[in-house]
Amino acid sequence: VLEFVRLLFVRQSPNQTAWCDAVETFPDGMGYKLTLKNTLQCCFSNAFHWYQALIVLGWEHIATLITDAQKDSTTQPTEYLRSRCPLCFGGNDWQNGTRASPSMPDIIVCLDACFTQKRSTNPCCADTRASRTEPEDDRYEEGMHVPVSVLDGCGESFVATGKKWEKESTRFFTDTGLMALLCRHDCVLWIVNLTSAGEKQHYALTLLDRLFKHLPRQMTVGLLYDI
């Protein structure tokens, strides 16, 4: 019963009072009345509290046993990486010498930046369009079914460098974009905020440094980076 209530409260707002009132009312209609008022609610609250504490202690105990069993072995990626992608970091094939070729890396990761995810310097999200120049009259190029403004906007979204773009990006945005490190199964391992215009080398080095801290020293890494 306690496990059922725990699962129920995960899926809706916890309300022990309503639960206990329903449990008291249901047998009351069949002639079974509790002798003391609020007896069920008091006992149930205590039992439910210690049941949840018991579950947490059980998880911690199991985690401790697993950690102790792995203390003497430094040949595994960290629990964090194994939880992010068991296919990349949970197996033992790489350390048993069963790779297709000795020249192949044990894991493959990729990283790149995305400049469409920004955070404005204005916390109130005030309109900054007044500072921009008015666009010229829009038009359609011959053979195209979308206006020139749409084409120009699409082209500008792919510009990674440029004096004007760099100046505006750091002026209007605190975070100019994101850089992510992913495994070859597209599982996100880490993401960092970009606070400068363009892809700076130190963002990539920071992500790789964090990755290496979660890997055994003998594990080799293949890196894909779109420069």
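This tour goes through a predicted model, from a set of paired strands to a surface patch and then to the salt bridges.

**The strands**

Select residues 177-183, which make up strand 4. Of its 7 residues, 6 are buried, so strand 4 is largely enclosed by the rest of the structure. Add residues 107-114 to the selection: this is strand 1, which runs antiparallel to strand 4 and is joined to it by 6 bridges. To find one of these pairings, pick Val-109, whose bridge partner in strand 4 is Cys-183.

Now add residues 188-194, strand 5, which pairs with strand 4 over 6 bridges, again in the antiparallel sense. Here Leu-181 can be picked together with its bridge partner in strand 5, Trp-190. Follow the chain from strand 4 into strand 5 and you pass through a hairpin with 4 residues between the two strands. Stop at Asp-186 in the turn, where phi is positive, about 65°.

**Asp-175**

Go next to Asp-175, in strand 3 (residues 173-175). Is this residue buried or exposed? Asp-175 is buried, since its relative accessible area is 6%, below the 20% cut-off. Show what surrounds it: leaving aside neighbours within four places in sequence, Asp-175 is in contact with Gln-117, Lys-118 and Arg-119, and also with Asn-193, Leu-194 and Thr-195. Measuring from Asp-175 to Gln-117 in the viewer, C-alpha to C-alpha, should give 8.2 Å, for a separation of 58 residues in sequence.

**A nonpolar patch**

Switch to a surface view and select Met-144, Val-146, Val-150 and Leu-151, which make a nonpolar patch of about 280 Å². Leu-151 lies in helix 6 (residues 148-156) and is partly exposed, at 31% relative accessible area.

**The salt bridges**

Which residues form the 3 salt bridges of the structure?

- Start in helix 1 (residues 2-11), where Arg-6 and Glu-3 are 3 residues apart, about one helical turn. Their side chains meet at 2.8 Å, N to O. Glu-3 is partly exposed, with 29% relative accessibility.
- In helix 4 (residues 79-84), Arg-82 and Glu-79 are also separated by about one helical turn, and their closest N and O atoms are 2.7 Å apart. Arg-82 is buried at 14%, whereas Glu-79 is partly exposed at 49%.
- Finish in helix 8 (residues 201-213) with Asp-209 and Lys-213, which are 4 residues apart. This salt bridge spans 3.3 Å, N to O. Asp-209 is partly exposed, at 39%, and Lys-213 is exposed, at 61%.

How values were computed
Residues numbered from 1 in each chain as written. Predicted model: local features only at pLDDT ≥ 70, side-chain atom pairs only at ≥ 80, totals over all residues. Heavy atoms only, no water. Buried < 20%, exposed > 50% of the residue type's maximum accessible area, 1.4 Å probe, protein only. Pairing = 2+ DSSP bridges. Contact = heavy atoms within 4.5 Å. Patch = residues over 30% accessible without salt bridge, like charges linked within 9 Å, V, L, I, M, F, W, Y side chains within 5 Å. Areas by Shrake-Rupley, 256 points an atom, 1.4 Å probe, with all protein chains shown as cover. Salt bridge = Lys/Arg side-chain N within 4 Å of Asp/Glu carboxyl O.
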